[in-house]
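Subject: Structure for you to look at

Hello,

Please find the structure below. My notes on it come straight after.

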Amino acid sequence: MTSSNATLQGADAVLDPANPFATPSALPYELPDFAAIREEHHEPAIVAGMAAHRAEVEAIATNPEPATVENTLEALERAGQLLGRAATAFYNQLPADSTPGLEDIQERIAPQLAAHQDAIGMDARLYARVKSLADAAEAGTLALEPDTAYLLEKQLTRFERAGIALSEADQATLRDLNSRITSLQASFGRKLLAGANEASVLVTDESELAGLSPDAKAGARAAAEARGQDGWLLEMQLFTHQNVLASLEDAGLRARVQEASAARGATGGENDTREVLLELARLRAQHARLLGYEHHAAYIAADATAGTTDAVNQMLARLAPAAVANARREATELAKVGGAAPGTVAAADWSYLNEAVRKERFNLDDAALRPYLELERIVHDGVFKAANLLFGLSFTERADLPGYHPDVRVFEVFDAPEPGEPNTGLGLFLADWYTRESKRGGAWMDSLVSQSHLLGRRPVVVNNLNIVKPPAGEPTLLVWDEVTTLFHEFGHALHGLLSDVRYPSQSGTSVPRDFVEYPSQVNEMWSWEPEILRSFAVHHRTGEPMPAEWVDTMLASRIWGEGFATTEYLAAALLDQAWHQLTPEQVPTSVEEVLPFEAAALAAAGVDFESVPPRYRTTYFNHIFGGGYSAGYYSYIWSEVLDADTVEWYAENGGLTRENGEAFRRKLLARGGSQDPLTSFEDLRGRTADIAPLLKRRGLA
Ligand SMILES: [Zn+2]
């Protein structure tokens, strides 16, 4: 689609000036005026925002002046502010505090927003202007600042990856492929959900449930009742290895659960996913070929920091043998405990035996730890304190600024004051820690205002967690995983808060998927730092520090189980690559070939260890076939290589110091997506990433 006449209709959509999104918020840092925003404000603001954006883009595209950085690149960066304000607030609210009304709005606007982005991404006039700048830069007649040159390169790539340079016939084919891929992904997801219900294991003999906690048992009872069945229904979680396997004492039932889990999507009938996934693999390969890539994985890697599938393959190949060797060592230990012959631990028995080993060796009890892990202390004397010691930041709660929900806390963030200068503030940090029915699961960071010198904006970021709220007046006590999550999400927040870039599209966390987890993973290290840990791990009533031997045990228990965890993760990441490194002709044509292909791929990668099956098998790998993570499942460990190497860098340079924090801030966090993120990493580290620290951390070296 190259003409934008059709998309111009509606450009006269007028937004009620009383709508809180109509003008930039007058609150500090342009914090959205949540007290004024009501459900009915979102949709008209987003619709009017798209119209305004189209009109702005049209003006850029039809500008009679030759393209310049100012009238094209910068103008595109400035365009769409109403849409940005409205959509950002909406997509922050939707997962954090949803309502049926917001869900309805999402149903209506998601396709419109996708079409809106497509229309801009396929506007040949815009592309011609961007291309003329790139040509001039290449010819040496246009000198660019490094961040502008990088922006130009990314803009050009964005157009080309959307297919702008193709013939009209090929563009039509591409659009057709895109829409078929989208609907096949949805179909995969639907079959998976239905198949998971079908795979639930019904237990009618209560004695088989020995070992299951009363909560889990009650849940299974309710699940059976909900479907009008007698007994207890064990429902499937998405991954292969079901959590109930850790507690079920009955080996026969464990085997049934494992079998049902691993068979999902390949049982024949309506919920079999094999035909859909083969079609998806083929269409994605065709899509990649049309755009000039060897296969889909190459298309994905090209836009990530990995760059090529060779780089991804090399990293995975380097880890796989060590991970499997480690898992085999763990299997030997488990077999001893279980009284089985070495090497004969069944996948179904793994976590049951593993629990026995953990209890015997580590004897860590969450209930005993919790009184030492109180939320306010962890935030102020842990998370904020680390940010203060590293970056000089300080935090002042702003009870006068309301969030989007009464539970949201707003903190103003200040930089270390410069002598003789007023301390005007760096940005806002919103914390939404508690779980509620209207919030989706998990933990995440969001940007409400992206830092940008071009737009004169300071950052406003949010962290969301799902901590259970205690009764009024009671302290919020955490488990260790939640402590790490607090530090992790705050690492993302720091990436947004310490951003120091010109262009909003390069701000903070606007980096590729295989890089974005890196700063947040690094920030987790401070939860373990003795100085920080001693400061926050204090009994909430007695003020006693956590016993030192517990800390040692926690540290020691970190390595145990890494063989299993790394192997099941790598097996899934390798399967993802195997399916997406096929050309259209190489994709199997018969559903009968799916499982043999999977087996061959695992064997070729050396991760075919039966005791530790992939975290997701092909036929229920929702990340890659049901959604947008195709050929990208490697990202988690890719980021972790950088993370572990950075932890090593801190250690080599004296750990928790202002000097180190300053270097990490200036060379890495502040740069956001204003240059190749791996260049930022290399600036910091003085060399390319080394995988050895990760191998050591995961007990693989
Ligand atoms: Zn994260």
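What follows goes from the whole protein to the metal site and then to single residues.

Please keep in mind that this is a predicted model.

**Overall**

The protein has 701 residues and a radius of gyration of 26 Å. A compact globule with that number of residues would come out near 27 Å, so the two agree. Along the principal axes, the C-alpha atoms fill a box of roughly 80 × 65 × 55 Å. The secondary structure consists of 28 helices and 7 strands.

Buried residues account for 52% of the 701. The accessible surface is about 29800 Å², and carbon and sulfur atoms hold 51% of that. Take the contacts between residues at least 6 apart in sequence: 75% of them join residues at least 24 apart. On charge, there are 60 positive and 99 negative ones. Their mean positions are 1 Å apart.

**The zinc site**

Which residues of the protein hold the zinc ion as donors? They are His-488 (NE2), His-492 (NE2) and Glu-517 (OE), lying 2.1 Å from the ion. The spacing of the donor residues in sequence is H-x3-H-x24-E. His-492 sits in helix H17 (residues 480–497) and Glu-517 in helix H18 (residues 513–523). This pair is 25 residues apart and links distant parts of the chain.

Cover is not equal for these two. His-492 has a relative accessible area of 7%, so it is buried. Glu-517 reaches 21%, and therefore counts as partly exposed. The cut-off for buried is under 20%.

**Met-445, in contact with a donor**

Met-445 belongs to strand S6 (residues 444–449). Its relative accessible area is 14%, so Met-445 is buried. Beyond its neighbours within four places in sequence, Met-445 contacts the zinc donor His-492. Its other contacts of this kind include Glu-489, Ala-493 and Gly-496, and also Val-461, Val-462, Asn-463 and Thr-509. Met-445 and Ala-493 are 48 residues apart in sequence, yet their C-alpha atoms are 6.4 Å apart.

**Two residues with positive phi**

Most residues other than glycine have a negative phi. Here are two that do not.

Glu-30 has a positive phi of about 55°. Its place is the loop between helix H1 (5–8) and helix H2 (39–61). With 26% relative accessibility, Glu-30 is partly exposed.

Ala-631 has a phi near 60°, also positive. It is found in the loop between helix H24 (622–625) and helix H25 (635–652). Is Ala-631 buried or exposed? Ala-631 is buried, because its relative accessible area is 1%.

**Pro-32, in the loop of Glu-30**

Pro-32 is also in the loop between H1 and H2. At 11% relative accessibility, Pro-32 counts as buried. Leaving out neighbours within four places in sequence, Pro-32 contacts Ser-25, Leu-27, Ile-37 and Leu-448. Leu-448 falls within the residue range of strand S6. Pro-32 and Phe-21 are 11 residues apart in sequence, with 8.1 Å from C-alpha to C-alpha.

**Two helix residues**

Gln-185 is part of helix H8 (residues 168–199). Its relative accessibility is 17%, so Gln-185 counts as buried. What does Gln-185 contact, leaving aside its neighbours within four places in sequence? The partners are Leu-280, Arg-284, Phe-625, Gly-626 and Gly-627. One of them, Phe-625, is within the range given for helix H24.

Leu-83 is in helix H4 (residues 81–96). It is buried too, with a relative accessible area of 7%. Not counting residues up to four places away in sequence, Leu-83 touches Ile-46, Gly-49, Met-50 and His-53. It also touches Thr-88, Leu-113 and His-116. Arg-180 is another matter. Leu-83 and Arg-180 are 97 residues apart in sequence and 28 Å apart in space, C-alpha to C-alpha.

**Where to start**

I would open the zinc site first, with donors His-488, His-492 and Glu-517. Then turn to Met-445 and its contact with His-492. After that, go to the loop between H1 and H2, where Glu-30 and Pro-32 lie.

Best wishes

Technical notes. Residues numbered from 1 in each chain as written. Predicted model: local features only at pLDDT ≥ 70, side-chain atom pairs only at ≥ 80, totals over all residues. Heavy atoms only, no water. Helix = DSSP H or I, 4+ residues; strand = E, 2+ residues; numbered from the N terminus. Rg over C-alpha atoms; globule rule 2.2 N^0.38 Å. Buried < 20%, exposed > 50% of the residue type's maximum accessible area, 1.4 Å probe, protein only. Contact = heavy atoms within 4.5 Å. Areas by Shrake-Rupley, 256 points an atom, 1.4 Å probe, with all protein chains shown as cover. Lys, Arg positive; Asp, Glu negative; His and termini not counted. Charge placed at Lys NZ, Arg CZ, Asp CG, Glu CD. Donors = N, O, S within 2.8 Å, 3.2 Å for Na, K, Ca; no water.
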